[in-house]
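This report describes a protein model for a reader who has not seen it before. Please look at the sequence and structure first.

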Amino acid sequence: MVEKVASAAEATAFLGCKTPKLWLEQALIQQDILLIDHAQCEKKAASTALAMINRYSNYHDMVMRMSKLAREELRHFEQVSGIIRKRGIQYGALSASRYAEGLRQHIRAGRIECLVDTLIIGAFIEARSCERFAALVPLLDVELAKFYQGLLASEARHFLMYLQFAKSICADESIDAHIERFRNIERDLIETPDEQFRFHSGVPA
């Protein structure tokens, strides 16, 4: 598969909604949690890529790309961890947000169906990350804004990669209905009240 280039604008357009203003306001107030959860998200992204390598080893092109993605996500984790340490933030494990599990509980049964839905979810997670980085950049201090600005291209690239693989696996049939199904689920998770603030959380309750 030839990897195409996507922009942050394309990733944002893929989503069903933009990040609510209330979430952005809370992100500025809780920057420590924002950074810690961001670091955890990067680790989870690498772990997801490795899990897909193990489970779907017969998809050679996808496995090779997931291997590269896992290394890139771990590099991002190292960069975020460096910022956390530089700022004197006490790093500690946070409970997971409802976001990823809220998406994954709608994955269909069946090996191929599960793979396609997992890839679609990956596309939404990466697109949302890209959209949130772009929304945060104008609001943050110079160091953090520069770092998040630098992540936009990779997040947009990851979004398109997941989407392309989902479509290539179902080359003989459209996955548009499944994309729309997850678009509605993702929008609901972002726009409804959320009890805890996390990088992918919804509207602060």
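The text below covers the nonpolar core, the salt bridges and the largest pocket.

The model is predicted: local features need pLDDT of at least 70, side-chain atom pairs count only at pLDDT 80 or more, and totals for chains, interfaces and linings use all residues. Residues are numbered from 1 along each chain as its sequence is written, and side-chain values use heavy atoms, with hydrogens and water left out.

**Nonpolar core**

In soluble globular proteins, nonpolar side chains tend to be buried together. Here the largest nonpolar core (buried Ala, Val, Leu, Ile, Met, Phe, Trp, Tyr and Cys residues joined through side-chain atoms within 4.5 Å) has 66 residues. At least two residues each come from α1 (8–14), α2 (21–29), α3, α4 (60–86), α5, α6, α7 and α8 (176–191); helices are DSSP runs of H or I with at least four residues, strands are runs of E with at least two, and both are numbered from the N terminus. Helix α7 gives the largest share, 14 residues. Met66, Leu119, Tyr148 and Phe159 have the most contacts inside the core. Leaving out residues up to four places away in sequence, Phe159 touches (heavy atoms within 4.5 Å) Ala6, Glu10, Ala11, Phe14, Ala123, Glu126 and Ala127.

**Salt bridges**

The whole structure has 11 salt bridges, each a side-chain nitrogen of Lys or Arg within 4 Å of a carboxyl oxygen of Asp or Glu. Three of them are tabulated here.

| Pair | Closest N to O distance |
|---|---|
| Arg87 and Asp141 | 2.8 Å |
| Arg98 and Asp194 | 3.1 Å |
| Arg183 and Glu180 | 2.6 Å |

Arg87, in the loop between α4 and α5, and Asp141, in the loop between α6 and α7, are 54 residues apart. Both belong to a salt-bridge network with Lys86 and Glu143. Arg98 in α5 and Asp194 in strand β1 (residues 193–194) are 96 residues apart. Asp194 is buried at 6% relative accessible area, whereas Arg98 is partly exposed at 28%; buried means under 20%, exposed over 50% and partly exposed in between, with a 1.4 Å probe and protein chains only. Arg183 and Glu180 both lie in α8, 3 residues apart, about one turn of the helix.

**Largest pocket**

The largest pocket has a volume of about 480 Å³. A pocket is an open set of points on a 1 Å grid over the protein atoms alone, where a 1.4 Å probe fits, with protein on both sides within 12 Å along at least five of seven lines; lining residues have an atom within 4 Å of a point. Grid points are joined across faces, edges and corners, and the volume is the space filled by probe spheres set on the points. Of the 26 lining residues, Cys41, Lys44, Ala100, Arg104 and Ile125 are the closest to the centre. Helices α3 (31–55), α5 (98–104), α6 (111–136) and α7 (142–169) each give two or more lining residues.
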